[in-house]
Amino acid sequence: MNSKLSLEKDKIKIVLLEGIHENAVKMFKEAGYSNVDHYPAALDADELKSAVSEAHFLGIRSRTKLTEGVIDAAPKLTSIGCFCIGTNQVDLTAAAMRGIPVFNAPYSNTRSVAELVLGQIIMLMRGIPQRDKAAHAGGWLKNAKGSFEARGKTLGIIGYGHIGTQLSVLAESLGMNVIYYDVINKLAMGNASSCSSMDELLAKADVVSLHVPATDQTKNMITATEIAKMKPGAHLINAARGNVIVIDDLAAALERGHLAGAALDVFPVEPSGKDDPFESPLRGMPNVILTPHIGGSTQEAQENIGIEVADKLITYSDNGSTLGAVNFPEVALPVKDRMHTRFMHIHRNVPGVLSKINDVFATRGINISGQYLRSEGGVGYVVVEVDEEIKPGLGIRKELEAIDGTLRVRFLF
Ligand SMILES: NC(=O)c1ccc[n+]([C@@H]2O[C@H](COP(=O)([O-])OP(=O)(O)OC[C@H]3O[C@@H](n4cnc5c(N)ncnc54)[C@H](O)[C@@H]3O)[C@@H](O)[C@H]2O)c1
Ligand SMILES: O=C(O)CC[C@@H](O)C(=O)O
C-alpha cells in the first residue's frame with residue numbers, strides 16, 4: 001500500500017452504534033480494520049455528533065437519525081451501514097450528495113418479523129393481552145368472550161414483499177385464509193389471493209397486518225377513514241413503520257370498540273435515547289400489544305445482519321464496490337489486484353465529467369487499464385484502474401477534486 005496516498009486500515013475509524021452484533025466487529029477486525037468504536041445503545045444528539053466527527057464508516061440501526069446536520073458533523077464519513085432493513089432514518093439524498101453510499105440488510109430479519117406477527121395474530125384473536133393484564137393485577141378473566149381460533153379467519157396483508165409473503169405462508173399453515181394488497185403485481189404464495197384495492201382488503205379481513213416501507217405514499221395510509229372500512233371487531237397490526245397509521249385515529253377506534261385489538265411494534269415517535277420515555281395514546285389500553293420496535297431483534301437476525309452489512313462496508317472500503325447501495329449508483333467491481341491502482345470519482349451527474357477525468361490521466365501519459373461508470377439520480381460514479389504504481393506528488397488527486405461537480409475522490413493502492 002502507498003501510505004502517503006491511501007489511509008492505512010488501522011487509521012480508518014469505524015463507529016458502530018445501537019448494540020450492533022459483535023459479529024460485525026469481528027468481521028472488521030478480521031479484514032484488518034482494528035479501529036472500531038462499538039457503542040451498546042443509541043446516542044443523544046450531542047454525543048452522536050462527537051462520536052461521528054472522526055468516523056470513516058458508521059453503522060446504525062433504526063434509532064439514530066442521520067440528518068444532514070449530523071452527516072455534516074462527520075467530514076471524513078465514507079459510507080453508512082444501516083444494520084436493518086429500513087433506511088428512512090438517514091437523509092439519503094444528503095448522504096449521496098456528499099459522495100456517501102448507504103447500505104442495509106434487506107432480508108436478514110424478515111423471518112423474525114413474520115414470526116412475531118404470527119404470534120400477535122393468535123394473541124389478539126384469543127384476547128390474551130387483556131387476560132394477561134388482568135391476571136397480573138390479580139384478576140381471572142376465564143371466559144371465551146371475544147376469543148376466536150385463527151383457523152378459518154381471514155388475514156389481510158398490506159405490502160406483499162419479503163415479510164408479507166413469509167407471513168402469508170406461515171398464516172396459511174395455521175389454516176388462515178390470506179388475502180393481500182400491493183401496489184405492484186405480486187405472485188401469490190400458496191392459496192393466498194390478491195385484492196384489487198386496499199378497500200377490498202379492509203372490508204374482508206379479520207386481521208389486517210401492514211408490511212409496507214416508509215414512503216410519501218405510505219405516510220398516514222391508515223386513518224379514521226380506512227379504519228371505518230374494516231370489519232367491526234377486526235384487529236390491526238403494524239410492524240412496518242410508525243407513521244403509516246394515524247395513531248390518534250387508531251386509539252379512537254379502539255376506544256369506540258370498532259376494533260377489537262391492535263399490536264404495534266413501531267410508532268410515529270419512538271424514544272430517541274436511554275432517558276427518553278415512550279409516550280403514546282395507546283399506553284394503558286388493555287387490548288393493545290405494545291412492543292419496542294423489536295420485530296427484527298432476534299439473535300439469528302442480528303448475527304446475520306452484523307455479517308451482511310459489515311461485509312458490504314468492507315467491500316466498499318477495500319474495492320469500491322457499491323452493490324446493494326440504496327442511494328448510490330451500483331457498481332460491482334472485481335477484487336482489487338495488488339498491482340493496480342484504483343481511483344474512484346464521485347460527482348454530480350452532469351455531462352462532461354468523464355472526459356475531464358480521462359484527461360487527468362492522458363495528460364500524464366498514464367494508461368487506463370479498466371474503467372467502470374454508472375450514474376443514478378443526481379450522482380455519477382466513475383472508477384478508473386491503472387496498471388502502474390502511482391507516485392505521490394503527481395497532483396492527480398488535486399486535479400480530480402478540481403473537476404466541476406466533484407463530490408468526493410477516493411484512491412485505492
Ligand atoms: N418492526 C421491525 O423491526 C421491522 C423489521 C424489518 C422491517 N420492518 C419494516 O417492514 C417494511 C417491509 O419490509 P419488507 O422486507 O417486507 O420490504 P419489501 O420491500 O420486501 O416489501 C414491501 C412491499 O410493500 C409494497 N408497497 C410499497 N408501497 C405500498 C403501498 N403504498 N401500498 C401497498 N403496498 C406497498 C412494495 O411493493 C413491496 O412489495 C420495511 O420497509 C421496514 O420499514 C420493520
Ligand atoms: O433493528 C432496528 O433497529 C430496525 C429493525 C427494522 O425496523 C428494520 O428496518 O430492519
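Two strands count as paired if DSSP finds at least two bridges between them. Helices (H or I, at least four residues) and strands (E, at least two) are DSSP runs, numbered from the N terminus.

**Before you click**

This is a predicted model, in which local features need pLDDT of at least 70, side-chain atom pairs count only at pLDDT 80 or more, and totals for chains, interfaces and linings use all residues. Residues are numbered from 1 along each chain as its sequence is written, while chains are lettered from A and ligands numbered from 1 in the order in which they are written.

Colour by pLDDT, the predictor's confidence in each residue, from 0 to 100. The chain's mean is 95, and 98% of its residues reach 70 or more. For the complex, the predictor gives an ipTM of 0.99 and a pTM of 0.93.

**Stop 1: the parallel sheet**

Select β1 (residues 14-16) and β3 (residues 57-60): they pair in the parallel sense over three bridges. Put Val-15 in sticks and you'll find Leu-58 of β3 opposite. Now show the rest of this open sheet, five strands with parallel pairing in the order β2-β1-β3-β4-β5. Its edges are β2 (36-38) and β5 (102-103), each pairing on one side only.

Add helix α1 (residues 22-30), which packs on the sheet and touches β1, β2 and β3. Contact here means C-beta atoms, placed from the backbone, within 7 Å. The direction of α1 makes about 175° with that of β2; axes are lines fitted to C-alpha atoms, for helices over the stretch in contact, and angles run from 0 to 180 degrees between N-to-C directions.

**Stop 2: the domains**

Colour three pieces: domain 1 (9-104 + 299-328), domain 2 (109-290) and domain 3 (329-412). These bounds come from an automatic or database domain assignment. Taken over C-alpha atoms, the centres of domain 1 and domain 2 are 31 Å apart. Twelve residues of domain 1 contact eight residues of domain 2. On the domain 1 side of that contact, the count is seven nonpolar, two polar and three charged residues. For these classes, Ala, Val, Leu, Ile, Met, Phe, Trp, Tyr, Cys and Pro are nonpolar, Asp, Glu, Lys and Arg charged, and the others, Gly among them, polar.

**Stop 3: the ligands**

A residue joins a ligand's shell if its C-beta atom, placed from the backbone, lies within 6 Å. Select ligand 1 and its 31 surrounding residues, the closest being Gly-159, Gly-161, Ile-163, Pro-213 and Gly-295. Elements giving two or more residues to this shell are α5 (110-125) and α7 (162-173). Which helix gives the most to the shell around ligand 1? That's α7, with three residues. The shell splits into 14 nonpolar, 14 polar and three charged residues.

Jump to ligand 2, surrounded by Arg-61, Ser-62, Cys-84, Ile-85, Gly-86, Asn-109, His-293, Gly-295 and Gly-296. By class, that's two nonpolar, six polar and one charged.

**Stop 4: the antiparallel sheet**

Last, show the open four-stranded sheet β14-β15-β13-β16, which has antiparallel pairing. Its edge strands are β14 (368-376) and β16 (406-412). Neighbouring strands are turned by 10° against each other on average, direction ignored.

Zoom in on β14 and β15 (residues 379-386), paired over eight bridges. Gln-371 stands opposite Val-384, and Arg-374 has Tyr-381 as its bridge partner. The two strands form a hairpin with two residues between them, and Gly-377 in the turn has a positive phi of about 55°.

Terms used. Contact = placed C-beta atoms within 7 Å.
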